[in-house]
Amino acid sequence: MDFIDLRSDTVTHPTPAMREAMAKAEVGDDVYGEDPTVNRLQEMAAALMRQEAGLFVASGTMGNLAAILAHCGRGDEAILGDKSHTFYFEAGGISALGGVPSYQLPNQPDGSLAIEDIQSALRDPSDPHYPFSRLVALENTHNRCGGTFQTPEYTRQLCDFAHAHGLVVHLDGARIFNAAVAQGIAAKELTAPVDSVTFCLSKGLCAPVGSVLCGSKAFIAKAHRIRKMLGGGMRQAGILAAAGIVALETMIERLVEDHARARKLADGLKQVAGLTVDAGSPATNMVFLSLADEVTLNGLQVEEKMKANGVLISAIRERRFRLVTHYWIDDAGVEKTVAAFRQVLH
Ligand code: TLP
């Protein structure tokens with residue numbers, strides 16, 4: 001059975017054009033810096049982010065980890081949102097592997113960090129009780145806050161504040177192109193002011209593996225050594241980078257289709273008794289919804305029954321779901337999902 005898979009946009013398989021590019025990719029040993037396809041991908045990525053250089057990494061998690069380890073020494077503190085992916089879903093890597101403690105601030109409902117909160121989190125560097133405040137991390141789009149996006153104005157304001165106080169800004173831009181197309185702007189408007197950004201090729205852009213970390217040349221030189229330390233020095237990685245190039249060339253603009261389908265899905269689900277779609281959802285390609293009180297099934301039971309109806313979803317909490325649209329979800333998939341929910345709940 002071919003499932004309609006809405007668990008994440010990470011489930012996307014490479015497109016036929018990607019498989020063809022992978023088969024034909026020119027490769028070399030990337031640890032020697034000799035893979036022309038990796039080099040091309042890194043240059044393209046840096047240009048798109050308006051940063052000096054790029055580094056192909058195995059995953060978004062590795063990109064965020066290498067970035068924070070490159071910016072922070074042991075004991076330096078990273079200011080993170082309490083719903084950020086780096087705090088929540090990256091196995092505590094920055095602390096476990098880098099000795100970097102985090103100061104968690106409440107993410108605002110739209111995923112932003114309030115500048116006043118950052119202000120009050122700043123440590124007095126002359127007081128030996130404190131770690132040094134070194135970095136602020138921003139996430140755009142924000143996963144746990146509903147796939148919400150930040151504007152160029154907010155990003156610049158946050159960066160200006162951070163820089164004025166001697167902090168660097170890392171952007172977890174796993175889905176930065178979703179944030180850009182949702183606002184009808186180029187991604188660089190959201191990434192030029194930050195000190196480093198990671199974006200993922202393997203989510204809505206459909207490449208099978210990989211993310212790119214971008215920043216200044218000096219920063220990327222440091223991150224390159226850390227990538228090696230983390231075991232992320234890959235060899236003929238051009239096979240993977242080739243799919244990433246196709247992703248950057250052909251898969252960005254079409255993300256608006258995923259956003260439109262997410263809206264269509266939300267509109268359909270609002271008509272299903274027993275479901276409450278979050279107000280304002282979706283902002284991009286993620287629909288967040290909960291089971292209404294009168295529904296006797298719990299989230300896991302709904303998940304299983306949906307699977308029996310050909311639709312894969314995942315409960316992110318007891319009675320709450322995140323449904324993610326992507327390249328492999330078409331209009332018929334949206335309609336089938338709404339019909340399956342109706343069937344399961346009635
Ligand atoms: N997110 C995954 C899960 O880990 C939750 C998903 O299905 O959405 N930053 C953000 C904002 C992410 O959403 C993710 C993946 C990552 C980083 C990590 O990327 P990978 O999976 O490539 O390490």
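In this predicted model, His170 has Ser196 of strand β7 as its bridge partner. The pairing belongs to strands β6 (residues 168–172) and β7 (residues 196–200), which run parallel and are joined by three bridges.

Both strands are part of an open sheet of seven strands, ordered β2-β8-β7-β6-β5-β3-β4, with mixed pairing. At its edges are β2 (53–57) and β4 (102–105), each of which pairs on one side only. From one strand to the next, the twist averages 20 degrees. Helix α10 (residues 217–229) lies across β2, β7 and β8 (211–215) and runs at about 15 degrees to β2.

The ligand is surrounded by 16 residues, and the closest are Ser8, Gly60, Thr61, Asp172 and Arg175. By class, this shell has eight polar, six charged and two nonpolar residues. Helix α3 (residues 60–71) gives the most to the shell, with three residues.

Polar side-chain atoms of Thr61, Asp172 and Lys203 pair with ligand atoms as follows.

| Residue | Side-chain atom | Ligand atom | Distance |
|---|---|---|---|
| Thr61 | N or O | oxygen | 2.6 Å |
| Asp172 | polar atom | nitrogen | 2.7 Å |
| Lys203 | N or O | oxygen | 2.9 Å |

On its own, the ligand has 510 Å² of accessible area, and the protein covers 81% of that area.

Where do the sheet and the ligand shell meet? Strand β6 spans residues 168–172, and Asp172 is one of the closest residues to the ligand.

How values were computed
Residues numbered from 1 in each chain as written. Predicted model: local features only at pLDDT ≥ 70, side-chain atom pairs only at ≥ 80, totals over all residues. Heavy atoms only, no water. Pairing = 2+ DSSP bridges. Helix = DSSP H or I, 4+ residues; strand = E, 2+ residues; numbered from the N terminus. Axes fitted to C-alpha atoms, helices over the stretch in contact; angles between N-to-C directions. Contact = heavy atoms within 4.5 Å. Near = heavy atom within 4 Å. Polar contact = N/O pair within 3.5 Å; in protein donor to acceptor, adjacent residues only side chain to side chain. Areas by Shrake-Rupley, 256 points an atom, 1.4 Å probe, with all protein chains shown as cover. Nonpolar A, V, L, I, M, F, W, Y, C, P; charged D, E, K, R; others polar.
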